Structure formats: C-alpha cells, structure tokens
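Here is a short report on a ligand site. Start with the model itself.

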Amino acid sequence: MTLTGRNLIAGAWREGESHFTAHDAASGAQLAPVFAEGSANDVAAACAAAAAAQGAYAALPLAERAAFLRLMAAKIDALGDTLTQRAMLESGLPEARLNGERGRTVGQLRLFAEEVENGGWQGLRIDHAQPGRAPLPKPDLRLRNVPLGPVAVFGASNFPLAFSVAGGDTASALAAGCCVVVKGHPAHPGTSELVAGAILEAIREAGLPEGVFSLVNGTANALGEALVKDPRITAVGFTGSRAGGLALMGHAAARPVPIPVYAEMSSVNPVVLMPARLEEAAEALASAYVGSLSLGAGQFCTNPGILLAVESAATRRFIAAVGEALPAVPAQTMLTAGIQSAYTKGIEAIAAHGATLVGAGAEGSSTCGRAQVFTVSGADFRANPALGHEVFGPSSIIVTCADLAEVAAILEGMEGQLTATLHMAPADYDAARGLLPILENRAGRIIANAWPTGVEVTHAMVHGGPFPATSDGRSTSVGTLAIARFLRPVSYQDLPAALLPKALLDGPSPVLRRVDGQYEA
Ligand code: NAP
C-alpha cells in the first residue's frame, strides 16, 4: 500500500503547498513520503462537508450506523501487518503492543456498534399528558438524546491506533451520530493515512456521504486552532498535554458560540501501599510496580507516577527491591524527540526538588527513556508541589509518609486524577474505608490490588476524572459511556404522533424507556 502524503477531505486526497516529514522514532531518520501540511482551507472544506453530511448521517437507521462501524473495523483489520509496521516505525512501540492496540481499536468499534443497536444511550422518556389535571393540564412530554453535530478529534501520540484516527473519540462520536474531522498527530501521519483510507473504504461501501469523515494532518498549532474555532464544529475530543488541552479549551470558550472540549490531559495516578499488604508482599509489589511504571516506556496516561506508603521496615524492603529490579529494565524508544526531551527535563526537575534516586534502568540511545524511581518523605513532598506534576515517561516517586493521616492529607491535596489505587490486605480494609471518600473526590477510577496501566474498554469503565486529569470530570473517554459526551437531550412537547421520532411512539419498544417514571421495555 503506497502512502500519498495527502490529507483526506471528504473523500478527496488533497495535496498541500508545504510539507513535513515523519521520523523513525528509534533512529530519528526521516521517513518517506513527505506529508502535506493541512491548511485553513482544508479545515474549512472538511468542516463544511461534515456539516452538509450531518443530517443524513444522524438520520441513518441505527442498524446501518452500527453496520458502518463494523465495516470500519473490518477495513482496519484488513490493513494487517502494513499498519503495524508503519506504526512501529513512527511510534517506536513494539510489534506486540501495536497488534494489541489494533485489536483494541477494532474491538471498541465493534463494541460501539453493539451499543448503537442497544439504543439505551438515547435516554428515551415519555411522560403522558394529563389533560384533566388540576389546576392546570399536564402536557405530553417525550425526550431523546440527539447528536451534537460535527466533532473535532485530536489524535494522541501515545496511542497511534486506539486513541488516534479511528480511536475511542472517533468511535464514540460516530456512534453518537456525529460526523468527525480528525487533526492527525504529526508524529504518525503515515499510520493516520492508512487508517483514514480504511475509513473512506467503509464510507463508500456503506453508501454514506463522504463528509462523514475527514483527516487533516499538520505540525502548526494554527491548524488545530482553526479546527476548534470553525463554527460548524460542535465539540472536541483531545488526548495530550495539559498545555495543549488548555489552549484548545481557551479557543473553544472564546468562540462566539462556545463548545465543549473533552480533553484528557495529565494525571500521576497515586498508588497507596497499605501497611498489612506491604508487610506480606513487599518484594512482589516492588516487581509489579517496576513493570507497571516502565510499561510502554511509561507513556501511558495511567502510569503510576506517585506511590504512597507509611514508613516501616516493610516499606524499606519494598524500596530496596525496587532498586534491585530497576537495572534489568531496558531503555525503550520514546514516541518523539519532544517527548524524550520533556522526560529528561522532568527527571532533572524531580532531582532538583530534593528527591533521592532509588535506582535506574539500563541506559539507551538519545531517543530512549531510562526508567528512574525516586523517593522523598511525605513532608518534603508536601513542601514541593512541583513533585506532584506528571512526568510523562518511565519514572515514579515513592513518598514515605509518617502515618496514614499523612497519606490521607497528601491524597486530599492532590489535583484530579484518572485513577487512584489501593493495595490492601483484609487487615487494611478499615483504614482503606476511610480513604475511599477522598479517592472518590479525586479520581475517576478506584482500583484495588492491581496496577493502573490497563484500561478495559467496557460499559462500566471510567477513563476520566476531575481537572486536570480531564477538562470535564463528568465524562469518560474510554468505554461505551463515552458516547454521552456527544449527545444532548431534546424534549418534544405535545408533538402529534405523525411528527414524533419512531422511538418515542406509544406501544412496545425494543429499547428500555422510562414511561411515566417507570422503566419498561
Ligand atoms: P500535545 O503537544 O498536547 O499535542 C497533541 C495534539 O494537540 C497535536 O496534534 C498538537 O498539534 C495539538 N496541539 C497541542 N497544542 C496545541 C495548541 N496550542 N493549539 C492547537 N493544537 C495544539 O501532546 P504530544 O505531542 O502527544 O506530547 C507532548 C506532551 O504531552 C508529552 O510530553 C506529555 O507530557 C503529554 N502527553 C500526555 C498524555 C496523557 O495521556 N496524559 C498523552 C500524550 C502526551 P501540533 O502539531 O500543532 O502541536
């Protein structure tokens, strides 16, 4: 499959006036071909086509929308090794990880297809009229959720498949009935083009308007800014840096018509090792911790960046075991030169704030990230708020606290998090019960006796959390609940049956509805 290096604007592969290149993440070498820098005209054309296609796409019978998502999955599957090999070059991620990520990408498209067919996300409600109610008659009210309209999606660097062109944000927006314009991440434009080509095939085979999906690539902030500011865009999905997310939130809020930005940004994912559990398993916990923090060169938003434990002999055993395990961790290629350099600076900042190095992994080339773990007392951690900032890469800080009250105080002082984890034995449950309200207040997902780096794509998953984990802690970007971000409720008052949406007519319903307050199918 030959890459064109062009942007996909509503079915047309468009050349650009200037170009950029992708790089081999491991060697830094330039990769062919050159890629067209998307322009303001490309953005405007993509958004106009999305707006023109929106009505027809939103009105598709749900079975056809679901079939389109399954077709997308099949076309991406059919790219097979070509896709994996290009993604390996551009991201430096290993083959097994990318094959797994491809499986997750098509799996989540198929899960959203099932979700579309299930129909529960429409939130159907019927309150029948009571014409004889005194002192005033009650009108007939019927409610359903409708798609917001065209959605802008920013591909993430750290998930070139599962959170990029056909990733979670795109899948949930399309499932909600929204057309999508993707701003591809400049680190993997070839991967993006391959996936966009697969989506275009699916659009054509399904007979959909080609404006349902467009991909604009580019390296200038102005491109993403133009996309967020385009009046036809109604919402934004983003995964990346806090600075990037905040900039996009600012653009969205400053529009004449402000729109929601669902930005997933930064999280240090605190892990608490409760005393009884630590006493019984210090060495096993150390080995699993090192594995989790170095997985994928630590380039996960759920990386365990801060670990909290009460100072004790068991804690010292744990720290010693971490120090012993680290040298065996190989240096791993990082996603981009920029991310590698930000990681190096982040590590220097941790050391500059007085944290002590526990140990380090093997040293690698200049494109690699070296695993490093630090330790600091609870008092010093509280005195240096900068130690609580995310360092994106294979590092973590072990905070040794005077007692569980200090653990609680540190958790209470933390910013919003994607996850919070408790490792505990039954003897810890009473103390853990006291921490739960703090964790609920701070995190989107509370984990027991596991590590935060795995994120299942299911119905009950929350991959979200209070700011700055995300821009809007009321939502999730992973799992079927993600569809809710791109919907809004509409209520129909006294509409004649001839004009009502079919799903809101009286009579048996294939979908669970709330009728006069009661749930019924
Ligand atoms: P990024 O710099 O936030 O970029 C992500 C996307 O947003 C890119 O397409 C980028 O396009 C765009 N963008 C960024 N700032 C923008 C702005 N001011 N206006 C318009 N568009 C903007 O993220 P990254 O390149 O993936 O990595 C950089 C850092 O982000 C990492 O070192 C890490 O700290 C953090 N990160 C965090 C997570 C996480 O899950 N927590 C994931 C990935 C990255 P441009 O080409 O225009 O910059």
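## Pocket

Which pocket does the space taken by the ligand form? That space is the largest pocket. A pocket here is an open set of points on a 1 Å grid over the protein atoms alone, where a 1.4 Å probe fits, with protein on both sides within 12 Å along at least five of seven lines.

The model is predicted: local features need pLDDT of at least 70, side-chain atom pairs count only at pLDDT 80 or more, and totals for chains, interfaces and linings use all residues. Residues are numbered from 1 along each chain as its sequence is written, and side-chain values use heavy atoms, without hydrogens and water.

## Shell

The ligand has 25 residues around it (a heavy atom within 4 Å). S157, N221, S241, M265 and C301 come nearest. By class, 11 are nonpolar, 10 polar and 4 charged.

Four helices and strands each supply at least two shell residues: α6 (221-229), β10 (235-239), α7 (242-254) and α10 (337-352). α7 gives the most, with 3 residues. The ligand lies between domain 1 (8-16 + 42-158 + 167-265 + 473-486) and domain 2 (271-448), because both give residues to the shell.

## Polar contacts and cover

Three side chains place a polar atom by a ligand oxygen (polar contact: N or O atoms within 3.5 Å). For K183 the distance is 2.8 Å. For H185 it is 2.8 Å. For E264 it is 3.4 Å. The protein covers 84% of the 860 Å² of accessible area that the ligand has on its own (Shrake-Rupley method, 1.4 Å probe).

Notes. Polar contact = N/O pair within 3.5 Å; in protein donor to acceptor, adjacent residues only side chain to side chain. 1 Å grid on protein atoms, 1.4 Å probe; cavity = no way out; pocket = protein on both sides within 12 Å on 5 of 7 lines; lining within 4 Å. Sits in = over half its atoms within 2 Å of the grid points. Nonpolar A, V, L, I, M, F, W, Y, C, P; charged D, E, K, R; others polar. Domains from an automatic or database assignment.
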